[in-house]
Amino acid sequence: MPRGDKSSYTDKQKRKAEHIEQGYEDRGVPKKEAESRAWATVNKESGGGNKSGSGRGRANTHVSSSRGGRAHKSGSAEQRSAAARKGWDTRRRNGNA
């Protein structure tokens, strides 16, 4: 099987890669780069193509696609602190504190 051959992947993995690739292209990533990133994501989530034999599977975590390329935290510490203060002020002003 030549390098880059996708025949050992399931139909679901192929559909998932196509969907991820489309999302990257919609965001302006070139087609070749989008395809590369999509398959890297599928490989990271599912461990690559089908492998024969009992017990060879691995649970899918979907961590890569659920994050969508975002960092774990939203904003810097200062931004989160400012948002917390703003929320506290609003709750105090509205009598919900």
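Biologist: What share of the 97 residues of the chain counts as buried?

Modeller: The share is 18%. Keep in mind that this is a predicted model.

Biologist: How many helices and strands does the chain have?

Modeller: There are 4 helices and 0 strands. From the N terminus on, the order reads α-α-α-α.

Biologist: How much of the contact pattern joins residues at least 24 apart?

Modeller: Take the contacts between residues at least 6 apart in sequence: 36% of them join residues at least 24 apart.

Biologist: Now the core. Which residues make up the largest nonpolar core?

Modeller: That core has 9 residues: Tyr 9, Ala 17, Ile 20, Tyr 24, Val 29, Ala 34, Ala 38, Trp 39 and Val 42. Two elements, α1 (11-26) and α2 (31-46), each give two or more residues to this core. The most come from α2, with 4 residues.

Biologist: What makes such a set a nonpolar core?

Modeller: Each member must be buried and of a listed nonpolar type, and the members must be joined through side-chain atoms within 4.5 Å. In soluble globular proteins, nonpolar side chains tend to be buried together.

Biologist: What does Ile 20 touch beyond four places away in sequence?

Modeller: Ile 20 touches Ala 38, Thr 41 and Val 42. Glu 35 offers a spacing to set beside that: Glu 35 and Ile 20 are 15 residues apart in sequence, and their C-alpha atoms are 8.3 Å apart in space. Glu 35 sits in helix α2.

Biologist: Why is Glu 35 called partly exposed?

Modeller: The relative accessible area of Glu 35 is 36%. Buried needs under 20% and exposed needs over 50%. The value falls in between, so Glu 35 is partly exposed.

Biologist: Why does Ser 46 count as buried?

Modeller: The relative accessibility of Ser 46 is 19%. The cut-off is under 20%, so Ser 46 is buried. This residue belongs to helix α2.

Biologist: Which polar contacts does the side chain of Ser 46 make?

Modeller: One joins the side chains of Ser 46 and Gln 13, at 2.8 Å. In another, the side chain of Ser 46 reaches the backbone oxygen of Val 42, also at 2.8 Å.

Biologist: How do you know that 2.8 Å passes as a polar contact?

Modeller: The N or O atoms must lie within 3.5 Å, and 2.8 Å satisfies that.

Biologist: Gln 13 is the partner. Buried or exposed?

Modeller: Buried: Gln 13 has 10% relative accessibility, and the cut-off is under 20%. Gln 13 lies in helix α1. Beyond four places away in sequence, Gln 13 touches Trp 39, Val 42, Ser 46, Gly 48, Gly 49 and Asn 50.

Biologist: How many salt bridges are there?

Modeller: The count comes to 5. Among them is the pair of Glu 45 and Lys 16.

Biologist: What makes Glu 45 and Lys 16 a salt bridge?

Modeller: Their closest N and O atoms are 3.1 Å apart. The rule asks for within 4 Å, so the pair passes. Glu 45 in helix α2 and Lys 16 in helix α1 are 29 residues apart, and the pair links distant parts of the chain.

Biologist: Why is Glu 45 called buried, and Lys 16 partly exposed?

Modeller: Glu 45 has a relative accessible area of 3%, so it falls under 20%. Lys 16 has 24%, so it falls between the two cut-offs.

Biologist: What makes Lys 31 and Glu 21 a salt bridge?

Modeller: The N to O distance is 2.7 Å, and the limit is 4 Å. Lys 31 in helix α2 and Glu 21 in helix α1 are 10 residues apart. Lys 31 counts as exposed at 53%, because that is over 50%. Glu 21 is buried at 6%, because that is under 20%.

Biologist: With which residue does Glu 25 form a salt bridge?

Modeller: The partner is Lys 31, with the closest N and O atoms 3.5 Å apart. That is within 4 Å, so it qualifies. Shared partners join Glu 21, Glu 25 and Lys 31 into one network. Glu 25 itself counts as partly exposed, at 27%.

Biologist: What makes Lys 6 count as lying over the face of Trp 39?

Modeller: Lys 6 is 4.8 Å from the ring centre, and the limit is 6 Å. An angle limit of 35 degrees from the ring normal applies too. Arg 37 lies over the face of Tyr 24, at 5.1 Å from the ring centre.

Biologist: How many aromatic pairs does a search of the whole structure find?

Modeller: The search finds 1.

Methods: Residues numbered from 1 in each chain as written. Predicted model: local features only at pLDDT ≥ 70, side-chain atom pairs only at ≥ 80, totals over all residues. Heavy atoms only, no water. Buried < 20%, exposed > 50% of the residue type's maximum accessible area, 1.4 Å probe, protein only. Contact = heavy atoms within 4.5 Å. Polar contact = N/O pair within 3.5 Å; in protein donor to acceptor, adjacent residues only side chain to side chain. Salt bridge = Lys/Arg side-chain N within 4 Å of Asp/Glu carboxyl O. Phe/Tyr/Trp six-rings, centres within 6.5 Å; stacked < 30°, edge-to-face > 60°.
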